[in-house]
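Me: Please take a close look at a single part of this model, the strand at the start of the chain, and then follow its surroundings outward as far as they lead. I would like one connected account rather than a list.

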Amino acid sequence: MTLLVVGLSHRSAPVSLLERAALTQDAAGRLLRDLVDGTAAEGTLLATCNRIELYAEVDRYHPGVDGLTELLARHGGVPVDELRPYLYVHYEDRAVRHLMNVACGLDSMVIGEGQILGQIKSALALAQDEHTAGRLLNELFQQALRVGKRAHSETGIDRAGQSLVTFGLTQLAAGEPVADWAAGRRALVVGAGSMSSLAATTLARAGVTELVIANRTLERAERLAGALGREEGVKARAVPINAISVAAELAVADLVVSCTGATGLVLTAETVAHALKERGRPLALLDLAMPRDIDGAVHGLDGARLVDIESLAAASADAPMAADVDAVRSIVAEEVAAFSAARRAAHITPTVVALREMASDVVAAELTRLHGRVPDLDDKQRAEITRTVRRVVDKLLHAPTVRVKELAGEPGGDHYATALRQLFDLDPRAAVAVRNPEQERS
């Protein structure tokens, strides 16, 4: 079996393509179910505002790549021929390293950002809910989460990175400290999910005078507004997302941050243009949604300053790398080696078990034969002979099996399992049955 990842991100594809290929939660679930129905043994999907990656355990590399590519294209609604040039593929150790780099924030638009850990956790939870994450991907994603936490606790990578929210606000502030720029402003936050909640909290702490939370589910917006009022001491209220309420809030807000899960535009250029005309002063807008919430045509409106995922991607290309990045890369290299060694060692376990079972069967057969040939032995003698024979076999097998497990953790360790099967004429199907006892019972 091969561990495979096929995906696209802000590093490989234009934001416009990422936007078109974005998946809703329902589409992500359907994709995972289709994946395990015929393409892979197990799979997970990591989809964020700047990446869409499908992880899977497949039987064969090339058919696996083709199958994962077709699924991403079909469920994302982008033709395969248009999608394929922007995809990257990693397998085995490279796939492990890639996910760990992602977990540590090394592959993020903003180097070192910590939000990705929550997104990885959510990706694993979705796969578990859909019953598509098996032993390999459960272990891999749990390990990646631990590595990400280790990187943030043992290095200064946090100094290199900001959240995407903070980075976006920094771009809007155009060189001015965000706290100075935001202080005294009225802000409208569209959406009440995790990213919107972070944006609202960041703005409250930066000193905005009023926060308005607009959301399709008013109750959720009210909960967020209430929490901000209690915990951050900011004046906050909730409104529903509809043409009248949003237009009214745009007319008085100084700053808009939008991040919803909508599949269509939340703020059209016409809506923003009308608000600019009504207000008679500039409006700053930050769009963190994928696909976009705010019409890209807003970039061309006088009095509007829009920062979106596309402009953030361009700005991040020039962001300096922190010195701590090298320390994180060392942690990742160490953890990849440990994970891969453990995985290689696990592959030989069924063969070792099969060898010991074969030896046990030989011992049992020979003892039965001995007792038939020497029927006059009493129970005490029989027990002593049995213990002696089994002790001899255990001692003969102990050193080779311990050593072969150690060697299996090294690159090329699978060859030792093959050698054992050939030397002792072990049935490979028996080894697989030991490794997958639930399949043996089915």
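Reply: A residue counts as buried when its relative accessible area is under 20%, and that cut-off is what the first step here rests on. The model is a predicted one. In strand S1 (residues 2-9), 8 of the 8 residues are buried, so the strand is largely enclosed by the rest of the structure. In a regular strand the side chains alternate between the two faces of the sheet. Here Thr2, Leu4, Val6 and Leu8 point one way, while Leu3, Val5, Gly7 and Ser9 point the other way, and all of them are buried.

The strand has partners in S3 and S4. With S3, strand S1 pairs in the antiparallel sense over 8 bridges, and in that pairing Thr2 has Val58 as its bridge partner. With S4, strand S1 also pairs in the antiparallel sense, over 4 bridges, and there Val6 stands opposite Val89. By the domain assignment, domain 1 covers residues 2-155, domain 2 covers 176-316 and domain 3 covers 344-434.

Each of the two partner strands leads on to an aromatic contact. A pair of aromatic rings is described by the distance of the centres and the angle of the planes. A search of the whole structure finds 2 aromatic pairs. The rings of Tyr55 and Phe141 have their centres 5.3 Å apart and their planes at 85°, so this pair is edge-to-face. Because Tyr55 lies in strand S3 (residues 51-58) and Phe141 in helix H7 (residues 135-154), the pair ties together parts that are 86 residues apart in sequence. Tyr55 is buried, with a relative accessible area of 0%, and Phe141, at 0% relative accessibility, counts as buried too.

The other pair, Tyr61 with Tyr91, is edge-to-face as well, with 5.2 Å from centre to centre and 70° between the planes. This pair links distant parts of the chain, since Tyr61 belongs to helix H3 (residues 61-76) and Tyr91 to strand S4 (residues 88-91), 30 residues apart. Tyr61 is partly exposed, with a relative accessible area of 28%, and Tyr91 counts as partly exposed at 38% relative accessibility.

Further along the chain comes helix H5 (residues 93-103), in which 8 of the 11 residues are buried, so that this helix too is largely enclosed by the rest of the structure. The buried residues of H5 are Ala95, Val96, His98, Leu99, Met100, Asn101, Val102 and Ala103. Cys104 is buried, with a relative accessible area of 0%. H5 is followed by Gly105, whose phi is positive, near 85°.

The cysteines deserve a separate word. A disulfide requires two cysteine sulfur atoms within 2.5 Å, and by this rule the count comes to 0 disulfides. Cys49 is in no disulfide, the nearest cysteine sulfur being that of Cys259, 6.9 Å away. Cys49 is itself buried, with a relative accessible area of 11%. The sulfur of Cys104 has its closest cysteine sulfur in Cys49, at 18 Å, which is too far for a bond.

Beyond these surroundings there is another sheet, an open one of 6 strands in the order S7-S6-S5-S8-S9-S10, with parallel pairing. Strand S7 (235-240) and strand S10 (304-307) stand at its edges with a single partner strand each, so one side of each is left without a neighbour in the sheet. Neighbouring strands of this sheet are turned by 15° against each other on average, with direction ignored. Towards one of the edges, strand S9 (residues 283-287) pairs with S10 in the parallel sense over 4 bridges, and Leu286 has Val307 in S10 as its bridge partner. Helix H9 (residues 164-173) packs on the sheet, where it touches strand S8 (255-258), S9 and S10, and its direction makes about 150° with that of S9.

Strand S8 also leads to a loop, for Gly261 lies between S8 and helix H14 (269-279). Gly261 is exposed, with a relative accessible area of 74%. Gly261 and Val178 are 83 residues apart in sequence and 26 Å apart in space, taken from C-alpha to C-alpha. On the scale of whole domains, the centres of domain 2 and domain 3 are separated by 68 Å, taken over C-alpha atoms.

Methods
Residues numbered from 1 in each chain as written. Predicted model: local features only at pLDDT ≥ 70, side-chain atom pairs only at ≥ 80, totals over all residues. Heavy atoms only, no water. Pairing = 2+ DSSP bridges. Helix = DSSP H or I, 4+ residues; strand = E, 2+ residues; numbered from the N terminus. Axes fitted to C-alpha atoms, helices over the stretch in contact; angles between N-to-C directions. Contact = heavy atoms within 4.5 Å. Domains from an automatic or database assignment. Buried < 20%, exposed > 50% of the residue type's maximum accessible area, 1.4 Å probe, protein only. Phe/Tyr/Trp six-rings, centres within 6.5 Å; stacked < 30°, edge-to-face > 60°.
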